[in-house]
Amino acid sequence: TRIAIERAGTWLLRATGDEFIRLSVGAQPDPYPAYARLRARESLYRNKLGAVTATFEHCNLVLRDRRFGVQRTDGRLPRFFDTLAMARGPEVVQSFLELDPPDHTRLRKLSRPAFGPARLDGYRPLIESITHDLLDRATAKDNFDLIADFAGPLPIRVISELLGIPPVDTDRFLGYGRVLAQALDGITSLRLARELRTATDEMYALFRTLMAAKREHPEADVLTQLTEAHDAGELTLPELLATCELLLVAGFETTVNLIGNSTFALLNHPGQWGLLRDDPGLARAAAEETLRYDPPVQQTVRVAHEKVELAGTRIRENELVFVMIGATGRDPAVFANPEVFDITRTPEREHLAFSSGIHYCLGAPLARLEAEIALRALAERLPDLALDGTPRRRPSAGIRGLLRLPVRASHGK
Ligand code: HEM
């Protein structure tokens, strides 16, 4: 294990040179001019890591076309995942986000019921009660941090409830989630590689303990369902652990940024905030516009399963193709006035913020519901909400969001 960690660390330190940084536009305060340059190219931008697609049409094609997948055709792991996997040890398997059919199909299906429309309406009272509880506490002071006090804890509490993680364990899972999310941005130090290993071991041990508890006392939560499926031979233990981890991290690290980016965009466009304040029924549309305008997930990656000719560029079998989701929502070939943040717009097409094709975000309806409830509550309870200090951006290329968003409001107590 030690040798694997050292190798993983050394490899990534090498990979964080120029090539890697060029793909990090998503971490810039304003990456959108750089995306426009990528979109305007005649042929695809390409470096040692792979090719880059940035127009809506090309990104949509790569996400939907069966000539692209997420695994290599020779059974080896793509380079990024390879490094992560090496740091974590051989007993950790890929989650279905990183698997092609048929494994992807089998595992996604087992998690799907919990996130379907039938269940969703039932979550509304839970999400509303968590939202108002958090706002009661945050607004006890005039100034608060919209991320730390509201947008951050909300999705964590919701996904913990859905999975069936008892409140006493939530803080521990939160700590693991942080380490894992940091690792997804690149394992840039040996210290992080070691932390990742420890977090994985502890998190999996805790999941195994919880599984035993669910067998004793089955409940209507995802962990109970997955434990039953495991005991019926439908998925292995490593697959179950990878699935739980995926749901946890996806629930922790994305919705916080949808709520944060939406609020930030609204407060930076006071006219738009005014519209929402006057008609809180626009909350869902405001979240949807943010998904187009400033999406939490800025990029993903695919592997060519055969030789593909795309935009005058020959892509080799097993070459990586980076899909710059962040660039697609502002593509003038699809959206009229794409640089304008307008929560009353009727978009020409659905954005790609939740991806497209078979890996389309499983949690999209849940994320939309959480953001809608959160933005509506802000507009109804804190009509004079305003920025109050300097926000701090998360230094990540893949996930775009704020670590800190200081605000003030005098109402709502
Ligand atoms: C997949 C975005 C919230 C669960 C994805 C993908 C994107 C995405 C872009 C696909 C990545 C790819 O194609 O390579 C988002 C955004 C969210 C969000 C922007 C919030 C605003 C959630 C939530 C959950 C969730 C709350 C639930 C716990 C998943 C899962 C997948 C996924 C399980 C894998 C789907 C598959 O591979 O078939 N998400 N997500 N997401 N998301 Fe989300």
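In this predicted model, strand 2, covering residues 50–53, runs parallel to strand 8, covering residues 320–323, and the two are joined by 4 bridges. Within that pairing, alanine 51 has valine 321 of strand 8 as its bridge partner. Strand 8 also pairs with strand 5, which spans residues 300–304, and here the sense is antiparallel, again over 4 bridges. Valine 321 reappears in this second pairing, where arginine 302 stands opposite it in strand 8. Strands of a sheet pair through backbone hydrogen bonds, in either the parallel or the antiparallel sense.

A further set of strands can be followed elsewhere in the chain. Strands 4, 12 and 9 form an open sheet in the order 4-12-9, with antiparallel pairing. Its edges are strand 4 (143–145) and strand 9 (386–387), each of which pairs on one side only. Strand 9 meets strand 12, residues 406–408, in the antiparallel sense over 2 bridges, and in this pairing alanine 386 has arginine 408 of strand 12 as its bridge partner.

Turning to the ligand, the residues around it number 24, and those that come nearest are Ala250, Thr254, Ser355, Cys361 and Gly363. The elements that give two or more residues to this shell are helix 13 (237–253), helix 14 (255–268) and helix 18 (364–381), and of the shell's contributors helix 13 supplies the largest share, with 4 residues. Sorted by class, the shell around the ligand consists of 16 nonpolar, 7 polar and 1 charged residues.

Conventions
Residues numbered from 1 in each chain as written. Predicted model: local features only at pLDDT ≥ 70, side-chain atom pairs only at ≥ 80, totals over all residues. Near = placed C-beta within 6 Å. Nonpolar A, V, L, I, M, F, W, Y, C, P; charged D, E, K, R; others polar. Pairing = 2+ DSSP bridges.
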